[in-house]
Amino acid sequence: MSLLPELRYPSVTEIVSSASALAAHRPDLCVLRQVGTSRAGRPLHLLSVGHARRAVLVVAGAHANEPTGGSTLLSLAERVLLRRELRRDTAWHFLLCADPDGASLHVTPAPRTLLDYHLGFFRPAGPEQPEWSPSVLPPDRLPPETRALTRVIDEVRPYLQVTLHGTDLGGSWVQLTKDIPGLAEPFAKSAAELRIPVETAASDAAGWPASGPGVHVMPAPGSDTAYPSMPDDARHSTWYHAHRYGGLTAVVEVPMWASDLVDDPAPHPAPAAAMRRLAHRLVTDAEQVEAVLVRALPRLRGPEGPLLRAAKWALDLVPGLAADWSQPPPVDTTMAYVGSVDAFGRRIPLRAAAMLLRVLREAGDRDAPRLEALVAGWSEGFAERFRARWVPLENQVEHQARTVMAAARHAREGGA
């Protein structure tokens with residue numbers, strides 16, 4: 001019984017339908033239930049497979065623009081059901097989509113190019129992201145999706161929580177809230193077999209210790225961060241909620257398009273100058289989007305929606321981040337790190353432009369063509385600079401699923 005409808009990104013409705021079919025097929029082992037409701041009234045579903053007290057929790061859909069996790073979650077659920085050894089002493093719980101509202105706004109189920117991907121792009125502002133909101137909001141203002149996720153963690157008390165993330169273009173990496181000894185080897189082997197580069201110095205994990213190439217361990221709460229301007233700190237996210245039960249969280253990232261420029265461990269010959277150039281480009285690109293926003297805002301009618309909020313939030317990050325990048329870089333800065341920062345710096349204004357473009361198109365605004373040109377040009381330049389090559393969806397899913405199973409095995413063996 002295959003849960004994958006076909007090799008494309010399934011919608012939340014399709015994911016729920018597949019999980020429902022699984023639960024109906026094996027009601028002795030599977031339970032599908034609603035565990036919360038989104039801000040817009042959409043249900044949040046949890047699929048549980050197995051009855052053991054020891055638990056793994058897998059979360060998909062925390063970021064609307066990272067669609068691989070839904071397919072991976074279905075593949076994992078199928079494997080757990082078919083392989084008795086995976087559930088002999090472990091129950092597996094699958095949160096089908098942590099942000100169904102966001103998923104309803106990101107509308108690129110089968111992108112052929114980075115332009116396709118960005119024309120339907122949506123990623124909520126930080127305070128509206130289920131996993132990140134605790135790092136930027138007080139407890140009494142957390143969105144219902146966050147509260148549902150933490151309730152699930154409180155209920156199942158996982159020794160391992162895995163949250164399935166992804167990147168548009170780059171490589172694969174893992175972020176851990178505690179080290180999992182032994183994970184780096186199967187992770188690297190899987191990536192090599194499936195022709196997915198390992199992002200050895202991901203900007204998301206700047207300054208973090210590594211237990212192996214592409215496997216980054218988050219620094220302890222209270223330590224300095226590489227980008228102090230960033231408002232969201234991973235150490236205050238829901239990733240740390242499992243620690244109160246002795247567990248840990250693994251964040252497994254996989255790219256839609258791969259670039260071999262993000263796994264070069266060679267020292268960069270002039271990192272300070274390169275980082276200053278990237279900071280300057282970030283500011284100048286963002287200024288072009290900001291100029292369109294300032295002109296168009298007086299013409300926009302009605303309440304501010306999630307696309308406009310997210311575009312503004314992304315633009316607000318730029319001044320502080322550019323200042324962070326203008327500081328002296330670490331002495332061991334690699335080509336891979338500068339490449340990762342280069343990609344990060346391209347994403348922020350491109351994503352803001354893409355979301356603002358959707359707002360202006362809907363309003364029939366006269367500045368939409370200007371943004372269309374920016375989104376098209378920046379998408380093409382991003383792909384060309386990084387020599388982007390599509391990673392087949394089956395490879396994205398297989399690598400992410402293998403990494404989850406390896407993390408579960410090694411965390412269990414390590415006594416997590």
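Q: How much area does the chain expose, and what share of it do carbon and sulfur atoms supply?
A: This is a predicted model, in which local features need pLDDT of at least 70, side-chain atom pairs count only at pLDDT 80 or more, and totals for chains, interfaces and linings use all residues. Residues are numbered from 1 along each chain as its sequence is written, and side-chain values use heavy atoms, with hydrogens and water left out. Accessible areas come from the Shrake-Rupley method with a 1.4 Å probe, and for residues only the protein chains shown count as cover. The chain exposes about 16,600 Å², of which carbon and sulfur atoms supply 53%.

Q: Which radius of gyration does the chain have, and why does it count as compact as a globular protein of that length?
A: The chain has 11 helices and 10 strands (DSSP runs numbered from the N terminus: H or I of at least four residues for helices, E of at least two for strands). The globule rule (2.2 Å times the number of residues to the power 0.38, with the radius taken over C-alpha atoms) gives 22 Å for 416 residues. The chain is as compact as a globular protein of that length because its radius of gyration is close to that value, at 21 Å.

Q: What percentage of the residues in the chain is buried?
A: Buried means under 20% relative accessible area, exposed over 50%, and partly exposed in between (1.4 Å probe, protein chains only). Of the 416 residues in the chain, the buried ones make up 58%.

Q: Which residue forms a salt bridge with Arg-33?
A: A salt bridge is a side-chain nitrogen of Lys or Arg within 4 Å of a carboxyl oxygen of Asp or Glu, and the whole structure holds 23 of them. In the one formed by Arg-33, the closest N and O atoms are 2.5 Å apart. The pair links distant parts of the chain, 122 residues apart: Arg-33 lies in strand 1 (residues 30-37) and its partner in helix 5 (residues 144-156). Arg-33 is partly exposed at 29% relative accessibility, and the partner is Glu-155.

Q: Is Asp-342 buried or exposed?
A: The side chain of Asp-342 meets that of Arg-281 in a salt bridge (2.9 Å, N to O), linking helix 9 (residues 335-363) to helix 7 (residues 271-296). Asp-342 also meets Arg-346 in a salt bridge (2.8 Å, N to O); being four residues apart in helix 9, these two are separated by about one helical turn. With a relative accessible area of 4%, Asp-342 is buried.
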